[in-house]
Amino acid sequence: AIIISLTLVLFSAIVPAIWLFISSFKTTAELYQVPYVLWPSDFNLGKLIEVWKYLDFTKYFVNSLVVVVGAVVCSVVFNGILAYAISILKPRGHKIVFAAVMLSYMIPAVTSIVPLFKNIAMLNLIDSYIPLWFIFGANAFYFMMFKTYFDSIPKALLEAARLDGASDLQIFFSIVAPLSKPIMGVVAIFTTTAAWSDFLLPYLVLQDEGMQTVMVKIFSIQSTIATNPDFGPDKLLMLLSISIIPQIILFIVFQKQITGTSSTSGMKE
């Protein structure tokens with residue numbers, strides 16, 4: 001029963017992506033054909049290049065990459081250092097800080113959109129990537145992932161480093177960080193998925209068309225399909241297929257680190 005349930009879950013997760021990829025090679029007529037046609041008549045990769053050049057999509061890809069890279073750096077560094085302080089250093093008042101972070105996790109994100117946007121506008125950070133880096137990077141869930149992982153690191157290893165004269169920062173960068181590559185990979189993937197696929201925040205903050213991310217550009221194109229004869233639903237599906245490729249590549253790159261253990265990572269160092 002468990003195997004069947006897991007198979008169904010896997011099937012439901014993979015099938016939409018496969019359908020999107022296959023359908024993106026169909027023509028508009030094939031998409032609306034009755035009876036339904038599963039396979040396109042031609043898997044023409046030139047269609048991908050045509051869509052890419054038509055939209056000058058390199059610019060929007062670069063914009064999304066800028067948002068993602070900044071968000072990943074912020075999420076790993078800020079949440080990692082905070083979790084290190086709460087889990088291992090435990091300074092005076094660390095329980096209050098921990099409670100405050102957990103309290104923020106209970107606040108629905110939707111309720112903070114309006115005051116968040118007003119603060120960004122007040123700081124004159126509209127059309128800037130900096131707010132997106134901090135918003136996507138500061139996350140109580142990522143902090144909890146780091147803290148839970150740091151709690152499992154043998155304390156004897158850290159005490160031995162202190163006896164050898166290592167400072168707290170040296171312990172973090174020389175011992176804790178190398179042992180934490182698996183959780184860093186997981187947080188990086190979660191952050192990338194959130195930053196790459198998010199529409200609302202980039203739509204509100206990046207009002208300059210030249211700074212739009214992939215998802216904002218897809219939305220703007222989708223809203224004009226009815227009046228744009230040169231860009232039909234088939235090309236929109238191809239555009240959506242292109243947009244999920246970076247996340248698939250990232251998962252493949254970090255797969256080994258996700259499945260690795262802290263002890264294995266330490267031995268490799």
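D168 has a relative accessible area of 36% and therefore counts as partly exposed, since that value lies between the 20% limit for buried residues and the 50% limit for exposed ones. In this predicted model, D168 forms a salt bridge with R162, in which the closest N and O atoms are 3.8 Å apart. The side chain of R162 also meets that of E159 in a salt bridge, with an N to O distance of 3.5 Å, and E159, R162 and D168 are thus named together as a network of salt bridges. Within this network, R162 and E159 are three residues apart in helix α9 (residues 155-163), so that about one helical turn separates them. R162 is partly exposed at a relative accessible area of 29%, and E159 is likewise partly exposed, at 44%.

A search of the whole structure finds five salt bridges, and another of them joins K147 to D151, with the closest N and O atoms 3.1 Å apart. Both K147 and D151 belong to helix α8, where they are four residues apart, about one turn of the helix. The two partners fall into separate accessibility classes: K147, with a relative accessible area of 15%, is buried because this value is under 20%, whereas D151, at 37%, counts as partly exposed. The salt bridges described here are listed below.

| Salt bridge | N to O distance |
|---|---|
| K147 and D151 | 3.1 Å |
| R162 and E159 | 3.5 Å |
| R162 and D168 | 3.8 Å |

Helix α8 (140-151) appears again in the pockets, as one of the elements that line the largest pocket. About 790 Å³ of space lies in this largest pocket, and of the 25 residues that line it, those closest to its centre are A109, S112, I135, A138 and N139. Two or more lining residues come from each of α4, α5 (94-105), α6 (113-122), α7, α8 (140-151) and α12 (200-205), and among these elements α8 gives the most, with four residues. The lining divides into 20 nonpolar residues, four polar residues and one charged residue.

The second largest pocket holds about 300 Å³ of space, and its lining consists of A17, T193, I244, Q247, I248, F251 and I252. Helix α14 (residues 233-259) gives the most to this lining, with five residues. By class, the lining of the second largest pocket comprises five nonpolar and two polar residues, with no charged residue.

Helix α14 also contains V253, which at 57% relative accessibility counts as exposed, because this value is over 50%. V253 and V73 are 180 residues apart in sequence, and the distance between their C-alpha atoms is 17 Å.

V73 in turn belongs to a nonpolar patch on the surface, which it forms with V69, V77, F78, I81, I130 and F134, and the accessible area of these residues together is about 580 Å². The elements that give two or more residues to the nonpolar patch are α4 (58-89) and α7 (130-137), with α4 giving the most, at five residues. I130 has its place in helix α7, and its relative accessible area of 37% makes this residue partly exposed. Helices α4 and α7 therefore recur in two settings, giving two or more residues both to the nonpolar patch and to the lining of the largest pocket.

Definitions and conventions. Residues numbered from 1 in each chain as written. Predicted model: local features only at pLDDT ≥ 70, side-chain atom pairs only at ≥ 80, totals over all residues. Heavy atoms only, no water. Patch = residues over 30% accessible without salt bridge, like charges linked within 9 Å, V, L, I, M, F, W, Y side chains within 5 Å. Areas by Shrake-Rupley, 256 points an atom, 1.4 Å probe, with all protein chains shown as cover. Salt bridge = Lys/Arg side-chain N within 4 Å of Asp/Glu carboxyl O. Buried < 20%, exposed > 50% of the residue type's maximum accessible area, 1.4 Å probe, protein only. 1 Å grid on protein atoms, 1.4 Å probe; cavity = no way out; pocket = protein on both sides within 12 Å on 5 of 7 lines; lining within 4 Å. Points joined across faces, edges and corners; volume = space filled by probe spheres on them. Nonpolar A, V, L, I, M, F, W, Y, C, P; charged D, E, K, R; others polar.
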